[in-house]
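Student: I would like to learn how to read a structure feature by feature. Could you walk me through one?
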Amino acid sequence: MHLYSFTLQRPTGINCAVHGNFTGGKHQEIVLSRGQCLDIIRPDTDSGKMHILHSTDVFGVIRSLASFRLIGGSKDYLILGTDSGKIAILEFNTAKNAFDRIHLETFGKSGCRRIVPGQYLATDPKGRAVMIGAVEKQKLVYIMNRDSQARLTISSPLEAHKANTFLYNVIGVDVGFENPLFACLEMDYEEADNDPTGESAQKAQQSLTYYELDLGLNHVVRKFTETLEERANFLIAVPGGNDGPGGILVCSENYITYKNLGDQPEVRAPVPRRRHDLEDPDRGMMFVTYAAHKTKNLFFFLLQTEQGDVFKVTLTVDDEMVSEIRMKYLDTIPVASALCILRTGFLFVASEFGNHRLCQIAHLGDSQTDDQPEFSSSTPLEEGDTFYFRPREPKNLIMVDELQSLSPILHSRILDLANEDTPQLYTLCGTGARSTLRVLRHGLEITEMAVSELPGNPNAVWTVRKHADDKFDAYIVVSFVNATLVLSIGDTVEEVADSGFLGTTPTIACSLLGDDALIQVYPDGIRHIRADKRVNEWKSPGKRQITKCAVNERQLVISLSGGELVYFEMDASGQLNEYTERKEMQSDVVCMALGDIPPGEQRSRFLAVGLADNTVRLLSLDVQDCLSPLSLQALPAPAESLNIVDLGSRDFRRDTSTPAEARLKRGVLYLNIGLQNGVLLRSVLDPVTGDLSDTRTRYLGSRPVKLFRTSVQGSQAVLALSSRSWLSYHYQNRFLLTPLSYETLEHASAFSSDQCPEGIVAIASNTLRILALDKLGTVFNETVTPLRYTPRKFAIHPSVGIMVTIETDHNAYTLEGKIARKQQMATEILSSAEAHEQEMAKQLVQEILRSDLADADFGAPKAGLGKWASCVRITHPVAGKTIWVEDLPQNEAAFSVAVVKFSGKSGEEEYFVIVGTAVGLQLNPRQLADGGRLRTYRFGADYQRLELLHVTPVDEVPHSIVAFQGRLAVAVGRSLRIYDLGRKKLLRKCESKLIPNMIVDIKTMGPRLYVSDSNDSLFFIKYKAKENVLNIFADDTFPRFITCSVLLDYNTIAVGDKFGNVSVIRLPSSVNEDHEDDPASFWDRGYLNGASQKAETVCMYYVGETLSSLQKVTLIPGGSESLVFTTLSGRIGALVPFTSREDRDFFQHLEMHLRNEKPPLCGRDHLHFRSYYFPVKGVVDGDLCEQYNALDYAKQKEIAEELDRTPNEVAKKLEDIRNRYAF
């Protein structure tokens, strides 16, 4: 077996983010690290929308990010700390729209190791040096400078190692232009290591250590060390030099402290807490992330607590000494892994889990209407006391845009429950009260701007500008069977009568002609409307009518009934002149197309004509050989529409650059052919000879394909309408053909107005719709259903299609638990109040009982370790509605669910729901207070609820439940049991206790069970019905920590583990499933203390993220089966089999060439990366192969020649293998 791996959706979770000016203009961008991917995004200052400029795989683990700018520089550089054992410095190249590697310096071994630097990065605020640190012992400092050509240079590393020391955080201290200074949060563990009693480990204290880089002597010295009282988690650099007092803020448990070298006294303030919080008041509170902002006149920090509350922190400076820390509550937002404040007043929130936000900072808490108190460190408080505030709805941080994030995906299934032909992806995402059930469909998300009914069913629509220099369209022209309606575009869309268009006839086409004239083509003639409302008419000869036409800015071609072509061209005076000769075609014309006029030229050189004889002919429009044939393409079916478009170039009609600049932006000229059988053909059109080559085909739908030119992010694109609408566009150096997630459209045109600069106006039945495309590049659009707790698993009713979901949270309250906690707090307050305080205490109690913060907005309160909240939910996944929810008692946690039909029971078609729970589970040290439960439910009337049938106690946690031969196979801890349905409880029929650790997954086929152990891989078990025994007849040789599995066939299973490996394991043909080891004989236990028969590893591949699900499915109608995986960080990928040895050899050689020609950005060896834990076997990395399209043409040609192919053939094979299985 040989597989090809490619990504359907890149990971969506963000582990670090930095902002800066990476493109060199006045814009600010944000660089995001998504594990192995690097994205650069730019928020639009007008609309607030985030646009992804570039996204790339680095084929390594990005552990840390930092940006820096050399003194006097105009753009920022990016530093990566990765698992490559090298420090990588990148620069964003705007010409190539990609990152260029400037420096790559080796300092250690590859891999994420404790003593190899890369986990921590800090830069000097003036851009003179960078420190890169390991978790333990090693720290290196590099000096940045310029050479004589003003290019960035990097020095050899200077060591700042300290043995027996853990590093928690490192920052560059702002000291102006003095020697660079770095502050490190460290802990010396030498005493704790040598103390067997463990007392020293309990008493170990952190220290704050300053390292100074002496630029004169070129070495690093340990300048000062100070022991800290509280355990701190990170440091913040305070602006220094001429911008502020310098120094650092130390964020620790319950406190934030300002420190500086010299005579500055320590300034300390407690972390504010929520008033009437249900959490344990003795539990510490910490800040978890921050953003700093500095202008010429002021600086401030935004700090976020672990509950999501954001505080504005400022320092009061008197005589260059900090006298107090001031804090003010702003808003509550989801807990972030990174915050970035931009100069434009935006705050980017990279959420730990769930969607990422771009917020507009409306106020900084200094408005007159803000009633929140400001807290000061100078307020006298007793030790242990703190400030209290009341959280409220957001009013200072207003969300303007979101980046969708699936992270973490906890469980998923690919099914076609909606009967849409293309299956949907049902995923459980998120944690806590912000969890969601998301239904993903392949397609671009559409924003519906306006919908209005029309007086009849129109057949076509166009938009027209009044002048070539106009930025926005002026008219929407709608054609009916016997009339034409003209609407003006402004604040509202209204009908106009003075446009000059003829309204009593249907329109075939209309357009802007020249600078300021309009053209209307109708069956009986052509109407040329000048800017001063003068009208020139051309009438069709005799009884012949105009059937089809093609028009651009200066040219017009019409076909008359009978197949005669008439060509018009506009002269310098704006007059439309007919070409003297007409062209008689061999059969009826069914469609035509003209391309846009290239910048600096007088005309488009080509006319494409589709004929009824299933051909497309290309005619020349040059003066010398006008209407003479150039090339011909035979078609498998009649053509419906044609479109000539320059994909990858700017839209000439809306581009403001000079002709010379525009010529440099030219893309590739394509002829798109929509056929009546629903197939789209795309051929490359040679701009010199007119030859057609490299034809690609794609089935779009059951209706004939109509093609329309539109504009996307200033570039040309093609909208294809069939039974489903598709958009063909160029995005980040890739051609994408993506369906639109919207109902069927009949006709469309590009649309541009003040409210919608780039949109589409379309007609569907008797409605006119204005649509916008906001989220280009996205693969899926989603329907979201909110959940209450962290979802664990779901099961689908096979005949009805409803979903049963279990949700479980640790350290959480149930709804009843919250009420009980409020009552407990009220009782404590009343009992502790003095007689004269009773009235005040009663008011306080009423306030506590009335307080009801939404957990989805403010986070759920922590109940304490060992406390669980759980519920069972019935959902209609297609409609996105919750039908029924049942809360389980406090401390009962659900871990598994299955919908099962028991054989031989009353109601042959009755399905039961089995939920596996644990009561009183403690995670560390692991122990179970009251054992587990198997809760058996039956569906109520109309499947609107579940009715509890009975509860079966078990002695361990049931982690997996699956139907097996009309019974139930249950994983109870390390035991595998088979149960049948009884009247009062489930009846145990059979048991095996030979699994070594804990069963996490069970798959079944026939009499076999494929059992996955938590850290001892896979066991093949046969159930012998006559003897009623479970016999382990084979197992695996590697100790895999399995998280998910899927059966490929009777002898083959694919598994994913928590370290990010996908393995395909197969039983050899020599294995005998009836073989039994003698339990009395020690020698018959086989090698590795397992079964005597062993499975073989057929394929092995390192994905790089913990796998949460594996499925064998067909992703597209008529496609082949593929192995689809999802990961915790939101990646969705596929492994597909090669169908021929030739394909396998081709892609293996292409992968080998790309490893040499395009090595990973971070310096990681690609082969080593994909072989992180086990050597890669039988899998070709398609993500690397697809980087072939990003190479310059010379390298593409060189690689293609080595493979005995042309660059177009290589690109076509890459596209074909993806389209054959997925999208």
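Student: Let me start inside. How many residues of the lining of the largest cavity are nonpolar, polar and charged?

Tutor: Happy to help, and keep in mind that this is a predicted model. The lining of the largest cavity divides into 10 nonpolar residues, 2 polar ones and 1 charged one. Those belong to a lining of 13 residues, and P423, L425, F780, L1115 and F1223 lie nearest the centre of the cavity. Strand β36, residues 436-442, supplies the largest share of that lining, with 3 residues. The space inside is about 100 Å³.

Student: How many cavities of 30 Å³ or more does a search of the whole structure find?

Tutor: The search finds 4. The second largest holds about 60 Å³ of space.

Student: Which residues line the second largest cavity?

Tutor: Its lining consists of T710, S711, V712, Q713, E758, G759, I760, L773 and L776. Two elements give two or more residues to this lining: β59 (706-712) and β64 (759-764). Of the elements, β59 gives the most, with 3 residues. By type, the lining splits into 4 nonpolar, 4 polar and 1 charged.

Student: Next, cysteines. How many disulfides does a search of the whole structure find?

Tutor: The general idea is to look at sulfur-to-sulfur distances, with a cut-off of 2.5 Å for a disulfide. Here the search finds 0 disulfides.

Student: Why is C37 without a bond to the closest cysteine sulfur?

Tutor: The closest cysteine sulfur belongs to C1162 and is 11 Å from that of C37, so it is too far for a bond. C37 itself counts as buried because its relative accessibility is 0%.

Student: And C112: how far away is the nearest cysteine sulfur?

Tutor: C112 is in no disulfide either, and the nearest cysteine sulfur, again that of C1162, is 10 Å away. C112 is partly exposed, at a relative accessible area of 46%.

Student: Let us turn to strands. How should I think about the side chains of a strand?

Tutor: In a regular strand, side chains alternate between the two faces of the sheet. A good case is strand β90, residues 1122-1127.

Student: How many of the residues of β90 are buried?

Tutor: The count is 6 of the 6, so β90 is largely enclosed by the rest of the structure. Taking the faces separately, S1122, V1124 and T1126 are buried on one side, and L1123, F1125 and T1127 are buried on the other.

Student: Which strands pair with β90?

Tutor: As a general idea, strands of a sheet pair through backbone hydrogen bonds, either parallel or antiparallel. Strand β89 (residues 1107-1113) pairs with β90 in the antiparallel sense over 6 bridges, with L1107 standing opposite T1127. Strand β91 (residues 1132-1137) also pairs with β90 in the antiparallel sense, over 4 bridges, and there V1124 faces A1134. The hairpin of β90 and β91 has 4 residues between its strands, and G1130 takes a positive phi near 95° in that hairpin.

Student: What is the strand order in the open sheet of 4 strands?

Tutor: The order is β19-β20-β21-β22, with antiparallel pairing. The edge strands, each pairing on one side only, are β19 (232-237) and β22 (267-270). From one strand to the next, the twist averages 20°. Further in, β20 (residues 248-252) and β21 (residues 255-259) run antiparallel and are joined by 5 bridges; one bridge has I248 partnered with K259 in β21.

Student: Finally, the backbone. Which residues does a cis peptide bond join?

Tutor: One such bond joins S407 and P408, with omega about -5°. P408 sits in the loop between β33 (397-403) and β34 (409-415). Another joins N924 and P925, where omega is also about -5°, and P925 is in the loop between β73 (921-922) and β74 (927-928).

Student: Which residue has a positive phi although it is not a glycine?

Tutor: N614 is one case, with a phi of about 60°; its place is the loop between β52 (606-611) and β53 (615-620). L627 is another, at about 65°, in the loop between β53 and β54 (629-634).

Student: Are these two residues buried or partly exposed?

Tutor: N614 is partly exposed, with a relative accessible area of 23%. L627 counts as buried, at 4% relative accessibility.

Key
Residues numbered from 1 in each chain as written. Predicted model: local features only at pLDDT ≥ 70, side-chain atom pairs only at ≥ 80, totals over all residues. Heavy atoms only, no water. 1 Å grid on protein atoms, 1.4 Å probe; cavity = no way out; pocket = protein on both sides within 12 Å on 5 of 7 lines; lining within 4 Å. Points joined across faces, edges and corners; volume = space filled by probe spheres on them. Nonpolar A, V, L, I, M, F, W, Y, C, P; charged D, E, K, R; others polar. Buried < 20%, exposed > 50% of the residue type's maximum accessible area, 1.4 Å probe, protein only. Pairing = 2+ DSSP bridges. Axes fitted to C-alpha atoms, helices over the stretch in contact; angles between N-to-C directions.
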